[in-house]
Amino acid sequence: MVSTDYERRIAARFAGFDQDGNGHIDREDFNAAVRALLTEFGATARCDKGQALYAGAEAFWQGMAGIADRDGDQRITREEFLGGAVKRLRDNPERFAEIARPFLHAVRDLADADADGALTVAETVRVLRVLGVPEEAGRAAAESLADPVSGTVAESVAVRAFADYFTVPE
Ligand code: CA
Ligand code: CA
Ligand code: CA
């Protein structure tokens, strides 16, 4: 079924969102990602960072649903993702960065131990691993994003890379 390299890459993006692997993207996938991040970084759902993370994830889900959930059943199927979301995201990567930004900001805040606004490579790898990116690939990505002087990944750089990854050109 999956034939071209482009379709394979899109399938990988879909799997990235479908955190519980049940074949569609819905709010629960976003909540699962939040729970996993809170566990990894030892925070609770009730603390400020936990609240911000849930709020960011909800905004991200709402934005994705607005783009992709064409029949309004609160689920994004693979077909909806392939048919609508991918094209619309590709045509408008800024929009994607916009809907992902509050979530990524909250993730950065959660994982940023010294609160300087940037993540170390190790912190970035932890975030990516929790979200399902294998350690090796996560490390390669984090190292490529890190500022050569500070050695850390700035939030704005992470937002841009995240949008680029999910709005992969054909
Ligand atoms: Ca799912
Ligand atoms: Ca749907
Ligand atoms: Ca930091």
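Donors are N, O and S atoms within 2.8 Å of the metal (3.2 Å for Na, K and Ca), and sites may look incomplete because water is not among the atoms. The model shown is predicted: local features need pLDDT of at least 70 and side-chain atom pairs count only at pLDDT 80 or more, while totals for chains, interfaces and linings use all residues. Residues are numbered from 1 along each chain as its sequence is written, chains are lettered from A and ligands numbered from 1 in the order in which they are written, and side-chain values use heavy atoms, with hydrogens and water left out.

**Coordination of the calcium ion (ligand 3) by Asp112, Asp114, Asp116 and Ala118.** The three aspartates each donate through OD, and Ala118 donates through O, at 2.2 to 2.3 Å. Along the sequence, these donor residues of the calcium ion (ligand 3) have the spacing D-x1-D-x1-D-x1-A. Asp114 has a relative accessible area of 53% and is therefore exposed, whereas Asp116, at 47%, counts as partly exposed. Here buried means under 20% relative accessible area, exposed over 50%, and partly exposed in between (1.4 Å probe, protein chains only).

**Coordination of the calcium ion (ligand 1) by Asp18, Asp20, Asn22, His24 and Asp29.** Asp18 and Asp20 each give an OD atom, Asn22 gives OD1, His24 gives O, and Asp29 is listed with OD twice. These protein donors lie 2.2 to 2.5 Å from the calcium ion (ligand 1). Their spacing along the chain is D-x1-D-x1-N-x1-H-x4-D. The arrangement is irregular because the six donor atoms subtend angles of 53 to 158°. Four donors count as tetrahedral if all angles lie between 85 and 135 degrees; four count as square planar and six as octahedral if opposite donors are over 155 degrees apart and all others between 65 and 115; anything else is irregular. Within this site, Asp18 is buried at 7% relative accessible area, and Asn22 is partly exposed at 39%.

**Coordination of the calcium ion (ligand 2) by Asp69, Asp71, Asp73, Arg75 and Glu80.** Asp69, Asp71 and Asp73 coordinate through OD, Arg75 through O, and Glu80 is listed with OE twice, at 2.2 to 2.5 Å. The donor residues follow the sequence spacing D-x1-D-x1-D-x1-R-x4-E. Angles among the six donor atoms run from 53 to 155°, and the site is irregular. Asp69 counts as buried at 10% relative accessibility, while Arg75 is partly exposed with a relative accessible area of 40%.

**Packing of helix H2 (residues 27–40) against helix H6 (residues 121–130).** Helices (H or I, at least four residues) and strands (E, at least two) are DSSP runs, numbered from the N terminus. The axes of H2 and H6 come within 9 Å and cross at roughly 140°; axes are lines fitted to C-alpha atoms, for helices over the stretch in contact, and angles run from 0 to 180 degrees between N-to-C directions. The two helices are therefore oblique to each other (angles under 35 degrees count as roughly parallel, over 145 as roughly antiparallel, 65 to 115 as roughly perpendicular and the rest as oblique). The crossing of H2 and H6 is right-handed; a crossing is left-handed if the near helix is turned anticlockwise from the far one by less than a right angle, and right-handed if clockwise. Ala36, Leu37 and Glu40 of H2 make the contact with Arg126, Val127, Arg129 and Val130 of H6, contact meaning heavy atoms within 4.5 Å.

**Surroundings of Glu40 in helix H2.** Glu40 is partly exposed, with a relative accessible area of 25%. Leaving aside residues up to four places away in sequence, Glu40 touches Arg126, Arg129 and Val130. Glu40 and Glu123 are 83 residues apart in sequence, and their C-alpha atoms are 11 Å apart in space.

**Packing of helix H5 (residues 93–111) against helix H8 (residues 155–166).** The H5 and H8 axes are 9 Å apart, at an angle of about 130°. That makes H5 oblique to H8. H5 passes H8 in a right-handed crossing. Residues of H5 in the contact include Phe96, Leu104 and His105, and those of H8 include Val159, Phe162 and Phe166.

**Packing of helices H6 and H7, with Glu143.** The axes of H6 and H7 come within 9 Å and cross at roughly 135°. That makes H6 oblique to H7, and their crossing is right-handed. Val121, Thr124, Val125, Leu128 and Arg129 of H6 meet Glu135, Gly138, Arg139, Ala141, Ala142 and Glu143 of H7. Glu143, found in H7 (residues 135–145), is partly exposed at 48% relative accessible area. Glu143 and Val130 are 13 residues apart in sequence and 17 Å apart in space, C-alpha to C-alpha.
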